[in-house]
Amino acid sequence: HYRPQGPGPFPVLVLSHGNPPSAADRVKVGRFRQIPQIREFIQRGYAVIVPVRRGYGATGGGFAEGYKNCNAAEYLHAGLEAARDVLATVDYARTLPFVRSDRLILAGQSAGGFASVAAASLRPQGLVAVLNFSGGRGGNPKKSPGVPCGPEAMAEVFAQFGKTTLAPVLFHYVENDRFFGPEFTRSWFEAFEHAGGKGTFVLQPSYGRDGHGMFYFSNALNIWTQAMDSFLKEIQ
């Protein structure tokens, strides 16, 4: 974990990683150290906890977030399994003396954004916001750039999450996302909102060769942090 200087207590942000397109690359996931990004949260006063979920890298164990296949994608199962690990991290955070348990933010990129929304749907105590950066599952930038498998099934799952999610969610995407094209991500947000979820959809202009990874590029920090700050300012 990472935290601002001083004794605290600090609001806490749990930052969740994505899922490599190749299963062989899951075992290569090391500690999720996105230091420039983490520093942005720390500068805003948050303690940051960065877990590695089951089935990735040194954490080991079986991979719990599989969705079977595109024709009958079990995205709800995949999301709720990932949410188990996110909420276990939240439980750990509550034991730390420098953490405020009444002010929690869940954040993540790609599969980590999807996991964060799934966890939010289970209404963890103290949750005030979710930051979903390019969140989803089923993307394959090489075989079908911009067109994920089972996008309608994903919309149904986001609708399911929207029914029970109380905290507002930032849906932050990029025009040239080669995993999830804008027509799909907008429909996912609309399904979430139509089912009762509250949030904001932001579609950034195209960035680099593949906007899906905008969150990770140091020279894009000012882009997503501006959207995040505007979103958090509105809900406070």
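## A tour from the core outwards

Start by selecting Tyr75, Leu106, Phe158, Phe161, Phe171 and Trp188: of the 47 residues in the largest nonpolar core, these touch the most other members. Helix α2 gives the most to this core, with 8 residues. Keep in mind as you click around that this is a predicted model.

Now centre the view on Leu106. Leaving aside residues up to four places away in sequence, Leu106 touches Val14, Val86, Val90, Ser116, Ala119, Ala120, Leu127, Ala129, Val130 and Leu131. Another core, of 21 residues, lies apart from the largest one; try showing Leu15, Leu131, Leu170 and Val202, which are among its members.

Next, switch to a cartoon view and look for the sheet. Its 6 strands are ordered β2-β1-β3-β4-β5-β6, in an open sheet with parallel pairing. Colour β2 (47-49) and β6 (199-204): these stand at the edges with a single partner strand each, so one side of each has no neighbour in the sheet. On average, neighbouring strands here are turned by 20 degrees against each other, direction ignored.

Zoom in on residues 10-16, which are strand β1, and residues 99-109, which are strand β3; the two run parallel and are joined by 6 bridges. To find one particular link, pick Ser16 and look across to its bridge partner in β3, Gly108.

Two helices are worth showing against the strands. Select residues 75-94 for helix α2, which lies across β1, β2 and β3 and runs at about 150 degrees to β3. Then select residues 182-194 for helix α5, lying across β5 (169-174) and β6, at about 175 degrees to β6.

Time for the rings. The model has 19 aromatic pairs. Show Tyr67 and Tyr75 as sticks: their ring centres are 4.9 Å apart and their planes stand at 50 degrees, so this pair is tilted. Are these two tyrosines buried or exposed? Tyr67 is buried, at 18% relative accessible area, and Tyr75 is buried too, at 0%.

For a wider view of the aromatics, select Phe114, Phe158, Phe161, Phe171, Tyr173, Phe179, Phe180, Trp188, Phe189, Phe192 and Phe201, which ring pairs link into a cluster. Phe158, Phe161, Phe171 and Trp188 may look familiar, as they were among the core residues at the start of the tour.

As a last stop, show Arg3 together with Phe98. Arg3 lies over the face of the Phe98 ring, 4.1 Å from the ring centre.

Notes:
Residues are numbered from 1 along each chain as its sequence is written. This is a predicted model: local features need pLDDT of at least 70, side-chain atom pairs count only at pLDDT 80 or more; totals for chains, interfaces and linings use all residues. Side-chain values use heavy atoms; hydrogens and water are left out. Two strands pair if DSSP finds at least two bridges between them. Helices (H or I, at least four residues) and strands (E, at least two) are DSSP runs, numbered from the N terminus. Axes are lines fitted to C-alpha atoms, for helices over the stretch in contact, and angles run from 0 to 180 degrees between N-to-C directions. Contact means heavy atoms within 4.5 Å. Rings of Phe, Tyr and Trp (its six-membered ring) pair if their centres lie within 6.5 Å; planes under 30 degrees apart count as stacked, over 60 as edge-to-face and the rest as tilted. Buried means under 20% relative accessible area, exposed over 50%, partly exposed in between (1.4 Å probe, protein chains only). A charge sits over a ring if NZ of Lys or CZ of Arg is within 6 Å of the ring centre and within 35 degrees of the ring normal. A nonpolar core is a set of buried Ala, Val, Leu, Ile, Met, Phe, Trp, Tyr and Cys residues joined through side-chain atoms within 4.5 Å.
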